[in-house]
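Colleague: Could you walk me through this one, beginning with the ligand?

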Amino acid sequence: MQEFNVDVAILGAGTAGLGAYHQASKTTDSLMLIESGPYGTTCARVGCMPSKLLIAAADAAHEARHAKMFGVHAADVTVDGREVLDRVRRERDRFVSFVVNSVKHIPDNQRLKGQARFLGPNSLRVDGHSVVHAQRIVIATGSRSYIPEMLLPAADRLLVNETLFELPQLPRSVAVFGAGAIGLELGQALSRLGVDVKVFGRSGAVAGIADDEIRVLAGQLFNEEFYLDPDAAVSAVVHAGTGVEVTYVHRSRGELTERFDYILAATGRRPNIDDIDLEKSGLTLDKRGMPDHDSQTMQCGNSHIFLAGDASAEIPLLHEASDEGHIAGINAGRYPDVQPERRRAPLAIVFTSPQIATVGLGLDQIKARCPQGYGVGSVSFENQGRSRVLGKNKGELRVYGEYGTDLFLGAEMFGPAAEHVGHLLAWAVQSRMTVTRMLEMPFYHPVIEEGVRTALRDLNHNLDEGPEITDSCMECGPGA
Ligand SMILES: Cc1cc2nc3c(=O)[nH]c(=O)nc-3n(C[C@H](O)[C@H](O)[C@H](O)COP(=O)(O)OP(=O)(O)OC[C@H]3O[C@@H](n4cnc5c(N)ncnc54)[C@H](O)[C@@H]3O)c2cc1C
Ligand SMILES: NC(=O)c1ccc[n+]([C@@H]2O[C@H](COP(=O)([O-])OP(=O)(O)OC[C@H]3O[C@@H](n4cnc5c(N)ncnc54)[C@H](O)[C@@H]3O)[C@@H](O)[C@H]2O)c1
């Protein structure tokens with residue numbers, strides 16, 4: 001058994017753990033970064049990057065098939081599933097290699113491979129081979145797929161994000177469970193690549209969209225492409241030879257049993273904090289086994305232990321994992337001088353088509369902040385100029401503001417270029433801009449952002465700050 005004594009030990013060399021390591025290393029050389037799995041991060045290996053690569057292939061197929069709306073006729077579009085997945089893996093491996101190379105620059109005496117578990121508040125056991133004594137500890141162990149018991153009978157026909165991208169060939173059919181970010185991104189991508197897809201959700205949720213109007217619209221538009229039941233009644237999942245049978249109530253055909261090649265579990269993720277013997281850390285845990293932590297310091301209570309990334313179960317997104325890792329690393333490095341660090345304006349993007357963006361305060365938070373009511377402005381992209389030009393005139397943007405202060409609070413969007421519009425609006429939230437101030441900003445013509453202006457003008461009027469939009473803004477240009 002080897003023994004190490006370090007100032008800071010970090011559990012997990014994912015995005016949060018690497019960020020924590022780099023920040024803590026500015027204060028001390030006495031560090032140990034412990035990783036139980038392969039280097040490369042969830043994002044690059046099995047998350048953001050391979051999923052976006054699959055979506056890019058799917059969108060290419062979709063664009064080619066739909067070019068005829070412009071009078072452009074591509075010959076029969078065929079999808080070679082092997083080539084698609086080969087490119088996904090090739091490009092994915094390139095991204096992973098960048099991370100792995102950066103890890104190689106970390107000195108050998110600051111890295112350890114193996115599963116870390118708490119032995120006590122300041123000591124960790126790593127597999128059967130090492131004990132690490134640490135003055136401060138950062139838990140950055142990420143998350144893993146949650147698989148409901150009902151899906152377990154699918155056995156070897158059950159896919160998760162770790163296994164989907166390893167398939168040699170695209171399947172013929174997939175039943176996707178979960179209409180969250182993963183289920184909708186991957187479900188739509190597979191569908192556009194020619195796979196027969198059905199998405200079964202729960203409780204009416206669609207990619208976490210809080211605004212009823214946008215959620216209903218998203219559900220309708222997705223259903224134009226593939227079967228999506230956000231509140232599915234599934235009674236059985238049974239392994240059947242080289243496939244799996246799902247018994248469910250079809251929205252129009254009643255109960256039926258349908259065979260699929262695979263099931264994809266996209267039913268949420270759970271933080272990896274239940275297998276590190278956290279109860280030996282001395283931290284007080286809630287009934288989910290989570291320690292209390294401060295989201296501006298990432299400190300657990302007043303302790304020497306910090307939590308970052310998906311392990312914190314706070315906001316399971318890449319840029320948040322990175323920020324949390326930085327904050328935890330800075331504070332673990334300078335402990336006991338723990339300081340709050342600023343968090344950014346909330347921004348989440350789902351890379352479906354149309355894309356989904358959620359910006360600023362969520363509707364629940366807005367309702368709590370504005371008990372007397374809040375202002376809403378909206379725009380439909382159906383007749384929006386640039387969106388129509390591009391043939392991407394589907395979706396809606398809803399923006400929210402505060403009465404009295406005219407403060408822009410947030411937005412939800414299901415529509416074209418939401419990844420870019422989302423950033424614009426998040427920057428406005430973080431800059432604490434008023435709606436009036438946002439409307440003073442330049443808007444080019446013809447661009448999708450003119451739709452944002454229409455929604456803001458509508459909001460401005462509803463906040464009693466501006467005139468009603470009686471007609472589309474003719475001096476702004478056609479279709480603005
Ligand atoms: C399919 C998919 C698509 C996604 N797409 C996006 C996207 O487009 N945009 C976005 O912002 N986010 C996306 N995400 C979310 C994003 O990938 C995560 O939020 C982010 O990767 C979390 O980083 P992390 O450092 O917390 O965890 P990880 O990168 O998972 O790192 C945790 C590390 O800890 C290790 N570990 C676990 N337990 C131990 C232990 N006991 N001892 C030592 N090591 C341990 C693990 O092996 C792992 O390497 C996606 C996620 C998935 C699954
Ligand atoms: N573009 C992005 O930023 C992106 C993409 C993918 C994943 N992610 C991150 O990864 C996290 C995990 O993604 P996810 O989609 O797995 O989780 P999620 O929590 O977003 O969605 C899971 C969905 O599955 C549903 N569900 C749970 N049990 C079910 C069951 N038995 N049958 C049917 N539906 C069921 C839930 O109600 C929920 O709507 C997300 O929270 C997100 O932060 C982000």
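**Ligand and cores**

Modeller: Of the 33 residues around ligand 1 (each with a heavy atom within 4 Å of it), Ala16, Glu35, Thr42, Lys52 and Asp310 come nearest. This is a predicted model, in which local features need pLDDT of at least 70 and side-chain atom pairs count only at pLDDT 80 or more, while totals for chains, interfaces and linings use all residues. Residues are numbered from 1 along each chain as its sequence is written, chains are lettered from A and ligands numbered from 1 in the order in which they are written, and side-chain values use heavy atoms, leaving out hydrogens and water.

Colleague: What lies 2.8 Å from an oxygen atom of ligand 1?

Modeller: That is a backbone N or O atom of Ala16, and an N or O atom in the side chain of Lys52 is 2.7 Å from an oxygen atom of the ligand. A nitrogen atom of ligand 1 lies 3.0 Å from a backbone N or O atom of Ala116.

Colleague: And how much of ligand 1 does the protein bury?

Modeller: The protein buries 90% of the 1,000 Å² that ligand 1 exposes when taken alone (Shrake-Rupley method, 1.4 Å probe).

Colleague: Changing topic, how many residues has the largest nonpolar core?

Modeller: The largest nonpolar core (buried Ala, Val, Leu, Ile, Met, Phe, Trp, Tyr and Cys residues joined through side-chain atoms within 4.5 Å, where buried means under 20% relative accessible area with a 1.4 Å probe, protein chains only) has 39 residues, and Leu54 and Phe222 are among those with the most contacts inside it.

Colleague: Which helix gives the most to this core?

Modeller: That is α7, with five residues, a helix being a DSSP run of H or I with at least four residues, numbered from the N terminus.

Methods
Polar contact = N/O pair within 3.5 Å; in protein donor to acceptor, adjacent residues only side chain to side chain. Buried < 20%, exposed > 50% of the residue type's maximum accessible area, 1.4 Å probe, protein only. Helix = DSSP H or I, 4+ residues; strand = E, 2+ residues; numbered from the N terminus.
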